[in-house]
Amino acid sequence: MMEQKKRVVGIIGPTAVGKTALSLAVAERLHAEIVSVDSRQVYRYMDVGTDKVSPDIRRKTIHHLLDVAMPDEVFSVADFVERSSGIVERVAARGRRTLFVGGTPFYFNALLEGTLTKTLPKDEGVRRRIAEECDAFGNERIFARLMEVDPVSASRLHPRDVRRVSRSLEIYELTGKTAAWWYENGEKSPSPFDVLYIGLNRPRQMLYDSIEKRVRAQFASGFIEEVEWLLSNGFDEHFPSMQGFGYKEILSAIKGEMSFEDAALSDIASTKFFARKQMTWFRKFSPSVWYDTSGYTEGMQSLVEGVVTMCERFFEEGKLP
């Protein structure tokens, strides 16, 4: 008999739309735990710039995949998928439910939309030759070669992620097709999870106002000091964790390349652009139910009630709206 899939809920939407507030209220009502789907919140010591929930909130509602990597480590989508799958199993074993909450569409897609079934070939000789090239000429050499043959995969990796850069080159050499091609076109097995997506959005100008307000609050609440502390402890712009918007602008300001006011304005512009990209991805997610949060001007209670009722039916009976 085929094992029943685990049911999970994903709360999705652009940055600064209100996902965190809704997820905390819903998690309390559903006796659920939250898995952060955020490619930057995985890093320790990066709290203000990633808008991470406070330790007090985490003591009340269990959160997973926060602070699981050091800023000088590479944390990939493969790491996210591997860890998340184990989390769902452990949460279910304790009789609780799982909410995936965040704004990194690529993470959601990799975990919940199916994985490759075709086992891609491996060759120890090819792998050894790539490793010898890396030892002799540096990781920048093999990363540059990946950029030439598979720019899509290269854009998702950091030059320091030697293991995955090498694996991508190995796949290309052995199959004649890129790792990115296999990800898009290879035969996939169904996801081990049944998912219901709860989407949040609001009119664009309202969203932009929220983004600007958030960035201004971050700059006024220790964001600059956070970046200075990271620099003083050896975490500089060469690490992938420091490449996110906000961090790279403040790094430029610290180096005198722009003012801190210009850094804030650049952060706001980058975040707005990112929000548009998020929605391009999230609109493709299914099954999903979308809510315009601007319609709940008297508070979120009615929104919470509606979402909780829908999630209860899904968790208990598997019923989709």
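Begin at the second largest pocket, which holds about 200 Å³ of space, and keep in mind throughout the tour that the model on the screen is a predicted one. To display the lining of this pocket, select Lys-5, Lys-6, Arg-7, Val-88, Ala-92, Gly-95, Arg-96, Arg-97, Thr-98 and Phe-315. Coloured by class, the lining shows five charged residues, three nonpolar ones and two polar ones. If you then turn on the secondary structure, you will find that strand E1 (6-12), helix H3 (77-93) and strand E4 (97-102) each contribute at least two residues to the lining of the second largest pocket.

**The sheet**

Two of those elements lead into the next stop, an open sheet of six strands whose order, read from one side to the other, is E3-E2-E4-E1-E7-E8, with parallel pairing. Look at the two ends of this row, where strand E3 (63-64) and strand E8 (288-292) each have a single partner strand, so that one side of each is left without a neighbour in the sheet. Move inward to E1 and E4, which are paired in the parallel sense over three bridges, and select Val-9 together with Leu-99 of E4, its bridge partner.

Two helices can now be added to the view. Helix H14, residues 301-317, packs on the sheet and touches E1, E4, E7 and E8, and its direction makes about 155° with that of E1. Helix H4, residues 105-112, lies across E1, strand E2 (32-37), E4 and strand E7 (193-201), and the angle at which H4 runs to E7 is about 160°.

**The edge at E8**

Next, centre on E7 and E8, a pair joined in the parallel sense over five bridges, where Asn-201 has Asp-292 of E8 as its bridge partner. Which residues of E8 lie on its covered face, and which on its uncovered one? Val-289 and Tyr-291 make up the covered face, whereas Ser-288, Trp-290 and Asp-292 make up the uncovered one. Stepping back along the chain from E8 brings you to Pro-287, in the loop between H13 and E8, and the peptide bond that joins Ser-286 to Pro-287 is cis, with omega near 0°.

From Asp-292, select Pro-203, which sits in the loop between E7 and helix H10 (204-220). These two residues are 89 residues apart along the chain, and their C-alpha atoms are separated by 7.8 Å. Once neighbours within four places in sequence are left aside, Pro-203 is in contact with Asp-292 and Ser-294. With a relative accessible area of 36%, Pro-203 is partly exposed.

**The loop after E3**

Travel now to the loop between E3 and H3, and pick out Leu-65 and Asp-67 there. Leu-65 has a positive phi of about 65° although it is not a glycine, and Asp-67, also a residue other than glycine, has a positive phi near 60°. Are these residues buried or partly exposed? Leu-65 counts as buried at 5% relative accessibility, while Asp-67, with a relative accessible area of 22%, is partly exposed; the cut-off that decides this is 20%, under which a residue is called buried.

**Helix H12 and its surroundings**

For the last stop, select helix H12, residues 247-254, and ask why it is described as largely enclosed by the rest of the structure. Six of its eight residues are buried, which is the reason for that description of H12. The buried residues to highlight in H12 are Tyr-247, Glu-249, Ile-250, Leu-251, Ser-252 and Ala-253, and they pack against H10, helix H11 (223-232) and helix H13 (260-282). Just after H12, you can find Gly-256, which takes a positive phi of about 85°.

To see H12 from the side of a neighbouring helix, select Val-227, which belongs to helix H11 and counts as buried at 0% relative accessibility. Residues up to four places away in sequence not being counted, Val-227 touches Met-242, Tyr-247, Ile-250, Leu-251 and Ile-254. A distance drawn from here, C-alpha to C-alpha, to Val-37 spans 23 Å, and the two residues are 190 residues apart in sequence.

How values were computed:
Residues numbered from 1 in each chain as written. Predicted model: local features only at pLDDT ≥ 70, side-chain atom pairs only at ≥ 80, totals over all residues. Heavy atoms only, no water. 1 Å grid on protein atoms, 1.4 Å probe; cavity = no way out; pocket = protein on both sides within 12 Å on 5 of 7 lines; lining within 4 Å. Points joined across faces, edges and corners; volume = space filled by probe spheres on them. Helix = DSSP H or I, 4+ residues; strand = E, 2+ residues; numbered from the N terminus. Nonpolar A, V, L, I, M, F, W, Y, C, P; charged D, E, K, R; others polar. Pairing = 2+ DSSP bridges. Contact = heavy atoms within 4.5 Å. Axes fitted to C-alpha atoms, helices over the stretch in contact; angles between N-to-C directions. Buried < 20%, exposed > 50% of the residue type's maximum accessible area, 1.4 Å probe, protein only.
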